[in-house]
Protein chains: 4
Amino acid sequence: MNSAGERFRITLWGESHGPMVGIAIDGVPAGIPLSADDFRDDLARRRAGAPGTTARRERDEPQIVSGLWQGHTTGAPLTILFANTDTRPEDYRSLTEHCRPSHADRTARIKWHGFNDPRGGGHLSGRLTVALVAAGVVAKRCLPQLRFRTCLTEVGGLCTPARFAETVEAARAAGDSVGGVVECRITGVPAGTGEPLFGAVESVAARLLFAIPAVKGVEFGAGFAGSRMRGSQYNDPIVDAEGRTATNHDGGINGGIANGNELVVRVAVKPTPSIARTQHTFDFSAGRMEPLVIEGRHDACIALRCGVVVEAAMAVALADLML
Amino acid sequence: MNSAGERFRITLWGESHGPMVGIAIDGVPAGIPLSADDFRDDLARRRAGAPGTTARRERDEPQIVSGLWQGHTTGAPLTILFANTDTRPEDYRSLTEHCRPSHADRTARIKWHGFNDPRGGGHLSGRLTVALVAAGVVAKRCLPQLRFRTCLTEVGGLCTPARFAETVEAARAAGDSVGGVVECRITGVPAGTGEPLFGAVESVAARLLFAIPAVKGVEFGAGFAGSRMRGSQYNDPIVDAEGRTATNHDGGINGGIANGNELVVRVAVKPTPSIARTQHTFDFSAGRMEPLVIEGRHDACIALRCGVVVEAAMAVALADLML
Amino acid sequence: MNSAGERFRITLWGESHGPMVGIAIDGVPAGIPLSADDFRDDLARRRAGAPGTTARRERDEPQIVSGLWQGHTTGAPLTILFANTDTRPEDYRSLTEHCRPSHADRTARIKWHGFNDPRGGGHLSGRLTVALVAAGVVAKRCLPQLRFRTCLTEVGGLCTPARFAETVEAARAAGDSVGGVVECRITGVPAGTGEPLFGAVESVAARLLFAIPAVKGVEFGAGFAGSRMRGSQYNDPIVDAEGRTATNHDGGINGGIANGNELVVRVAVKPTPSIARTQHTFDFSAGRMEPLVIEGRHDACIALRCGVVVEAAMAVALADLML
Amino acid sequence: MNSAGERFRITLWGESHGPMVGIAIDGVPAGIPLSADDFRDDLARRRAGAPGTTARRERDEPQIVSGLWQGHTTGAPLTILFANTDTRPEDYRSLTEHCRPSHADRTARIKWHGFNDPRGGGHLSGRLTVALVAAGVVAKRCLPQLRFRTCLTEVGGLCTPARFAETVEAARAAGDSVGGVVECRITGVPAGTGEPLFGAVESVAARLLFAIPAVKGVEFGAGFAGSRMRGSQYNDPIVDAEGRTATNHDGGINGGIANGNELVVRVAVKPTPSIARTQHTFDFSAGRMEPLVIEGRHDACIALRCGVVVEAAMAVALADLML
């Protein structure tokens, strides 16, 4: 289903090349000052424009159509719409039979018996992350005590930020794409945040993070690297009465509950599946593998635009647990 | 909250050293043959006994107290109880002030203002996974078309199964512990399984997987390694009319929806935080760091017992999406 | 929260005098033919215009902005917007301090600490029922086997339909209002529909029905009158192999589960609280009771427009239980 | 499904003639003093024993098996079991084919394809209300500011309490049964309690109330009688700065939100469907209507035992909205 959250509940809708995408946010406390301007910075971080990002340009002007009055949230559902303006549905004509590899073209078609909107991924498109970013902005306004530091720690397997741009450019020039790893660090999460079992900070966050297209891995603290340590190395000893730990291999979470230290999460973003070079894949109308050239405008490295989306998912998760 | 699932909903309760742990499973179809015997194999896989596992011995006899009649499920909630018999609460006396590093002792205490049951982790204990394994057995009976292959692919950073036992033994002998990586592969998941966004196979599965104590990372298909590939390498071309793919870097999931290929998930399990050797950590009653020796009976490698729990979480996730 | 439903889930937003009200419907099966025209009849039944209804005129043109492609539902969330055009927020200036009796002015103000949109009831307005009616239309399209017969059985305490109009007119002429009772009968509900306990047909329906402003009572079958019968009179004997019953005091539901007979529900609608004549009620700014004259345009009998809303709520409830 | 609630969530299980019924309560705050003794009074109010109640005698000893430690709630799920001891499953042998009129025998059989436990109604039995009463006790402990006054206002259509006993006895002597109306009044509910739309106090309460077997109608304040008033009579003017109203036709709720006045709800309970006298109803094995004599032990007026169950449902609803 297209809703998540118990106390800060988001509901998303829309398609990549339909008239708009939107989000309704339930559980926003009354009295929080909010305006369309507050969305500008985070939406800009997500927007295309840098080398390696898609040529599709959306203005991403948030239209707040409910839940706001006289510049403050009212406590009623806050609904935000984003018009789709730069659509080119004609780019996607032939994809229903000749499915793009590692895309959802075929799974969506099977799931919805061919009635899904196939244009640009339809409902299963990265376009919907604009609404998630908007939810993140609202969540952050509700939780001003939180501080987020989000960055790309890897691009195409390289860990040297100075070389990220050239890596992406080399891939793009080769008609190819690269993936990356996004890291988000959050301070200000009070110890005691989170619930047991399925309400663990990791559980609530991972559910949202894996809803972001192209995310295929999530780890907290030392994560997979931590599984290679011994307990004596891994364990985070407490060093003071505030509960600060000498190391932070647990990423600020014990037993699913925040311990007051920095919350650390890393997300693996796969390479953009839409690449310029010809691919060979099955054509269901032809009944055999055929060369496929993907039209449309695409990112050579979707991870470049993913940071703020990951941050938004974390903000929404924490709003759900903290409000 | 201690419930998960929309159509196959599980609710867990109990404490490590209380009288019992239990689970209510709602949404089980009527008419499925089931008996206490069906639980034997999976419970045995989770049970301690092998070198490197805890000395605590529970009989893990499932008591089915509702939802079963004349050997078949009735459609009403299926409730299963497991008595705790081999408890030693006296081992945990001093832990409330002198918290075990990388354990939930302190976070639980803060969250519940000191009213939590602190004995052996209380409600936040691996003991509750016995109930999750039972839910997995029921889920598997509901979905007989699924085939699970689950194994440890790493122990203590080593990828050579022949050397796992000695790695664990070396850690144990050193008063230490090791982590590991569990991989679960599932065939038989029909293409089209899963929902958009927060109902993605990855989202639903990850929420359950991160509820397992000691799990700190989850990846699907190529996961983090996939983020280091180029699109041209990563993309899984479709090779036939059944939708089979030449490679399976996406782990059988596109756009959150199963594509009919093998579903592949890997889980990072941290080293058991309870280790025999002395640790230095803050003592809240003393107001300074003090040496801590952990009593109690513990696993040197909790990952050894985690495979069937991971498998159970996947079975429960798929039951929720497929029923 | 502003969502209801597990399998057919609706989320509503908007305010009486804001730019629009809207609804997102999740769980609509793919492939159902649908167009804006399909909404015309039910929206017309709700619309004002008859004697005794408000002078506010909204065009109620449904704008379907997601989940529809090439004339069929796609399986993604179906979102429908209704612009508010005939608003007169200036009518509601003074109501925040001098609250209208039996209205939500004061409770909304307390709940949201004065940040609620007070114009025309804001989010707590009958205006939102336009979105519920739209959801009902979609639910009916999903369940074409159902047949609804809905009527007013009482107006102002009278049970003679021929005299309803004059009763309303007499109240209106006296600057007053009347209530009524709406009855909805549904055939085609398959035996076995409904879940135990909180998923009872009555439970799921009542939750939605009581969300309609002015509804203060709900009964199924013989309802309150049934509580005055003896068991030997009340009990509905089964008369044939199809399970038809000689009487239908249970309103087609046994143990919360439909028995295949006609489903019967009745709803008590209170008199419109906004009346033209002067009322005396506490003025919080003056600190004493003061005469209040309510501006704005109102229905003398809101029950006249309620039938299709009740029907919509029942359709939504059944869609949630039957899909 | 067998769960209800967002913040105070109850999950029920068990069958009338199975080994036990039970309830898990999630969302109970930590630190509330609780013991088995606290349940005694409310369980006694529900227990049979008075003239007109069933001859089945259960000890109703609550076994608290999780979520309690050192006499206080821990914040983890509180689970309570009630053993079934006085069962006589042999009384229900023939009911699967010759269904009791106005009982759930046939609907349960259809819903679960004959796999339901048919003994004494199985899962759809009034026996489960013992668990709901227990949840009510816990809810009341969480909300000590509430005061409940619950009584029978009608029995068999009579409103004179002095004659209730003879009315029930007359019915019983005639091999028949009677229904009744339960009224529950609650003070101490803070103004502002409740949510818009589907979280209305009426919606949340009605969902729980209609889950009680035999309940067929629910009204708040003046309810159905209110629908027969004019607005000028019905409206509740506010008389002071505390928001007290001169009348209380709205039953303490405006727009779904409590206004701080007494909360008033009335519930219609149908006559017990199990009656001693012979009934004629369809026998599915014989293929024709046949006389049916119901064995088993039954209440001549189930409403006599329903008051505390209604009160419990209201307490649970308010805990969900207030905690």
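A polar contact is a pair of N or O atoms within 3.5 Å, and within protein one of the two must be able to donate a hydrogen and the other to accept it. With that term in hand, we can begin the tour of this model, which is predicted.

**First stop: chains D and C**

Select chain D and chain C together, and look at the place where they meet: between these two chains there are 51 residue pairs in polar contact, with both residues at pLDDT 80 or more. If you colour the side of chain D that touches chain C by secondary structure, its largest share, six residues, comes from strand S10 of chain D, residues 215–220. If you colour that side of chain D by class instead, you will find 47 nonpolar, 30 polar and 18 charged residues.

Next, show every residue that takes part in the contact, which brings up 95 residues of chain D and 95 residues of chain C. The area buried between chain D and chain C is about 7,400 Å², and carbon and sulfur atoms give 60% of it. On the chain D side, pick out Phe198(D), Lys216(D) and Phe224(D), since these are the residues that lose the most area to chain C, together 12% of what that side buries.

Now turn to the charged side chains, where the rule finds 10 salt bridges across the interface of chain D and chain C. To see a salt bridge in detail, select Lys270(C) and Asp250(D), whose side chains meet at 3.0 Å, taken from N to O.

**Second stop: the two S10 strands**

Keep chains C and D in view and select residues 215–220 in each, because here strand S10 of chain C and S10(D) run antiparallel and are joined by three bridges. Zoom in on Gly217(C), and you will see that Glu219(D) of S10(D) stands opposite.

**Third stop: how the two copies are related**

Zoom out until chains C and D are both whole. What rotation superposes chain D on chain C? The rotation is one of 180°, with 0.0 Å of shift along its axis, and it gives an RMSD of 0.0 Å. The two copies are therefore related as by a two-fold rotation axis. The same surface serves both copies, as 100% of the contact residues of chain D recur in chain C.

**Fourth stop: chains A and B**

Hide those chains and select A and B, whose contact takes 95 residues from chain A and 95 residues from chain B. Here the buried area is about 7,400 Å², with 60% given by carbon and sulfur atoms. In chain A, the residues to highlight are Phe198(A), Lys216(A) and Phe224(A), which lose the most area to chain B.

Between chain A and chain B the count is 10 salt bridges, and among them is the one in which the side chains of Asp250(A) and Lys216(B) meet at 3.7 Å, N to O. Select S10(A) and strand S10 of chain B, residues 215–220, and you will find an antiparallel pair joined by three bridges, in which Glu219(A) has Gly217(B) as its bridge partner.

**Last stop: a sheet within chain D**

Finally, return to chain D alone and look for an open sheet of five strands, which has the order S1-S2-S3-S7-S4 and antiparallel pairing. Its edge strands are S1 (3–4) and S4 (63–66), each of which pairs on one side only. Inside this sheet, select S3 (residues 20–26) and S7 (residues 78–83) of chain D, which six bridges join, and end with Val21(D), which stands opposite Phe82(D) in S7(D).

How values were computed: Residues numbered from 1 in each chain as written. Chains lettered and ligands numbered in written order. Predicted model: local features only at pLDDT ≥ 70, side-chain atom pairs only at ≥ 80, totals over all residues. Heavy atoms only, no water. Contact = heavy atoms within 4.5 Å. Buried area = accessible area lost by both parts, 1.4 Å probe. Salt bridge = Lys/Arg side-chain N within 4 Å of Asp/Glu carboxyl O. Polar contact = N/O pair within 3.5 Å; in protein donor to acceptor, adjacent residues only side chain to side chain. Helix = DSSP H or I, 4+ residues; strand = E, 2+ residues; numbered from the N terminus. Nonpolar A, V, L, I, M, F, W, Y, C, P; charged D, E, K, R; others polar. Least-squares fit on C-alpha atoms with pLDDT ≥ 70 in both.
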